[in-house]
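Q: I am new to this structure and would love a close look at one part of it. Could you pick one strand and walk me through its surroundings step by step?

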Amino acid sequence: MSSQRVIVVMGVAGTGKTTVGRLLAEALALPYAEGDAFHPASNVAKMSAGTPLDDADRLPWLDAIGDWMRERAGLGGGGGVVAASSLKRSYRDRLRTAAPGAVFVHLTGERPLIERRMAARTGHFMPAALLDSQFATLEPLQEDEPGLAVDVSGPPEEITERALAALRRLPIPEN
């Protein structure tokens, strides 16, 4: 894999983006960024209240993530891993505009498993009640998008190993 590749770990809430993203970054010796940290306070308040974000809410968030990705993908940036839901094709296209060589790791799984994981986590602003809106918004990766899907069944280390194996099989983009 290119040392300057930026990897976006995507998927609905509760799939383990943060955990797997951190493990991927560690395994690849790349810096990690938590996509939730790029949300403006108004987005966090809205989600905490159980209100789904709309596209207008997401644009400043996507642009802030895109800025980080652009820096990491640039000459000397060294690459990086960021966890960001990236649920719609248009969101991923916007992120790819910032970092054209970015690749997406879509964490997928059965709804009951994801719902159980969401219910079990503590200290997160995203309530399980918003899972329906996440699945309704989700547009899975399309064949022409650089990326791969990884099933989230099993422990995080196993999921990460599957993601690493799949990433190694991807062609390295020409910069």
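A: Let's begin with a term: two strands count as paired if DSSP finds at least two bridges between them. Please keep in mind that this is a predicted model.

Our strand is β4, covering residues 103–108. How many of its six residues are buried? Five of the six are, which leaves β4 mostly covered.

Now for the neighbours of β4. Strand β1, residues 6–10, runs parallel to β4 and is joined to it by four bridges. Within this pairing, M10 stands opposite H106 of β4. Strand β5, residues 147–151, also pairs with β4 in the parallel sense, over five bridges. Two of the partnerships help you find your way: F104 is matched with G147 of β5, and T108 with D151 of β5.

While we are at β5, have a look at its two faces. L148 and V150 make up the covered face, whereas G147, A149 and D151 make up the uncovered one. As a general rule, side chains in a regular strand alternate between the two faces of the sheet.

Let's move to β1, where V8 is found. Is V8 buried or exposed? Its relative accessibility is 0%, so V8 counts as buried, the limit being under 20%. Leaving out residues up to four places away in sequence, V8 touches V103, F104 and V105, along with M69, V82, A84 and S86. The C-alpha atoms of V8 and G35 are separated by 9.3 Å, although these two residues are 27 apart along the chain.

One contact of V8, S86, deserves a stop of its own. S86 sits in the loop between β3 (80–83) and α4. Its phi is near 45°, a positive value in a residue other than glycine. S86 has a relative accessible area of 0%, so it is buried.

V8 also belongs to the largest nonpolar core, which has 23 residues. V8, V12, I65, W68, M69, V82 and L95 are the members that touch the most others. β1, α3 (55–73), α4 (89–98) and α5 (111–120) each supply at least two residues of this core, and α3 gives the most, with five. Apart from this core lies another of 19 residues, including L148 and V150, the covered pair from β5. In soluble globular proteins, nonpolar side chains tend to be buried together.

The last stop is K17, in helix α1 (residues 17–28). Leaving aside neighbours within four places in sequence, K17 is in contact with L107, and its other contacts include V9, M10, G11, V12 and Y32. K17 is buried yet has no salt bridge. Where is the nearest side chain of opposite charge? That is D36, 6.7 Å away, and a salt bridge has to be within 4 Å. A polar atom of the K17 side chain does lie 3.1 Å from the backbone oxygen of G11.

To recap, β4 is mostly covered and pairs in parallel with β1 as well as with β5.

Notes. Residues numbered from 1 in each chain as written. Predicted model: local features only at pLDDT ≥ 70, side-chain atom pairs only at ≥ 80, totals over all residues. Heavy atoms only, no water. Buried < 20%, exposed > 50% of the residue type's maximum accessible area, 1.4 Å probe, protein only. Lys, Arg positive; Asp, Glu negative; His and termini not counted. Polar contact = N/O pair within 3.5 Å; in protein donor to acceptor, adjacent residues only side chain to side chain. Contact = heavy atoms within 4.5 Å. Core = buried A, V, L, I, M, F, W, Y, C linked by side-chain atoms within 4.5 Å.
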